[in-house]
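Me: Pick one spot in this model and look at it closely for me, then work outward from there. I'd like one connected answer.

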Amino acid sequence: MGRYARDKRDLPTPRPVKKIELSEKHLFLRLAAVILLVILGMGTIGYALFSMLHTEEGLTEIEANNGSLADVAGEFLFQYNLGAGELSATAENKALTLLYGELTRKAYMIFAEQEEFPETHNLAYLNHHLNEVITVDEALYEALAVCMEGPERILYLAPVYEIYASVYHSAEDWEAAMADPLRSEEQRALVAEWMDYIRDPSMIDLELKTENRVELHVAPEYQQYMQENGEGTYLGFGWMKNAFVIDYLAGQLEQAGFVHGSLSGRDGFARNLDKDCKDFHFPLYRREGNTVFPTEPFTYDGAVSIVYLRDFPLTDADRERYYVYEDGEIRGPYIDPRDGMNKAASDMLLGYARGAGQSCGKALMALLKAYLDDSIEESRLKEFESLGYEYIK
């Protein structure tokens, strides 16, 4: 017989169900237990919501929340002393997360050298609209103006940076040596060709006009050479970019009234906005031969802007701008605009300015006049000090 065609004798014999009577006491206890479970459940949910929405006071890392949109947040560590201002720590954290996300996204768009955006006339737009008067974002205009106060013609080294990028991204010494102007005569000659254009104001020159308007003058001869040999980037900040980005971020945070935090970048630039901070430490490293080791940190109180230059890599992120040969020789990001060669006057040099509102970009431009050389000249450091800066060498 089939599985379900069973004889009635196989079925269990029905039995009467006894009626259960509950006393008022039992009903009360059951009702109380249900209410207690509901209260416990609501308490658990409430605590979870409180933990999610409540932020403790104190030093906290603030992260940008831009989803899939590109930003510069990955270049910096932003820490803030929540609750030190007029807002509660929770409200401050929420406001800062939103603002920081907006700022890091906008900074990415303003300083992009390859990608254009409808929202702003950025570096890429400027590089693609030669011999035209362009109105750029105020932050970009200010950065360009500061950069033009630094080592002469450093703003036009973008094509040379591209040559050295091939060195940094090499997997083996033979590959690096083929791209390295200091080891390859062919590459040295190529750099010299680029430098003939870069050093000549009649070939390329940026004119700063009023009201954030600029014009990038480029001669037809240089345009033709760029079309045949380059990637179309005539000017740019290169490895220096984050000095100007951090100034933009810090300036916007200060304008919004958020002055109890600090920004530090992996490129050696830092801005502490808190004039009330005490005994802060900026870690320092030195190199002797092939050995890199920590040394006494730079300790400071109050607001400060820091520029830390070093001729050696420290982290995995430095692989994008350093290459170390097996014999210990190092190629770093620092390029002398006088000859296009990689130079660093010492293993490290730190410059800083005390006080709110100081600029990393300005300090960098002044410090590079001493660092982009074969060795440090004391006269250059005295000149740096005369501008109100201090240094550690």
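Reply: D279 counts as partly exposed, because its relative accessibility is 48% and the class runs between buried (under 20% relative accessible area) and exposed (over 50%), with a 1.4 Å probe and protein chains only. This is a predicted model, where local features need pLDDT (the predictor's confidence in each residue, 0 to 100) of at least 70, side-chain atom pairs need 80 or more, and totals for chains, interfaces and linings use all residues. Residues are numbered from 1 along each chain as its sequence is written, and side-chain values use heavy atoms, with hydrogens and water left out.

Back to D279: its phi is positive, about 55 degrees, although it is not a glycine. Most residues other than glycine have a negative phi. D279 sits in the loop that links β7 (269-272) to β8 (280-288); strands are DSSP E runs of at least two residues and helices H or I runs of at least four, numbered from the N terminus.

N131 makes a good companion. It isn't glycine, yet its phi is positive, near 55 degrees. You'll find N131 in the loop between α3 and β3 (133-135), and N131 is partly exposed too, at 36% relative accessible area.

Now for the inside. Helix α4 (residues 138-147) has seven of its 10 residues buried, so the rest of the structure largely encloses it. Those seven are A139, L140, Y141, A143, L144, V146 and C147. They pack against α2, α3 (123-128), β4 (204-208), β5 (213-218), α9 and α10.

C147 also turns up around M240. Leaving out residues up to four places away in sequence, M240 touches C147, I154, Y161, F269, L364, M365 and L368 (contact means heavy atoms within 4.5 Å). M240 is also among the best-connected members of the largest nonpolar core: of its 106 residues, Y222, F237, M240, L249 and L364 touch the most other members. A core here is a set of buried Ala, Val, Leu, Ile, Met, Phe, Trp, Tyr and Cys residues joined through side-chain atoms within 4.5 Å. Helix α10 (residues 360-371) gives the most to this core, nine residues. There's a second, separate core of five residues, including V167, A176, A179 and Y323.

How far to trust all this? Mean pLDDT for the chain is 89, and 86% of residues reach 70 or more. Residues 1-20 stay under 50, with zero contacts beyond four places in sequence. Residues 44-54 are below 50 as well, and have two contacts in the model beyond near neighbours in sequence.
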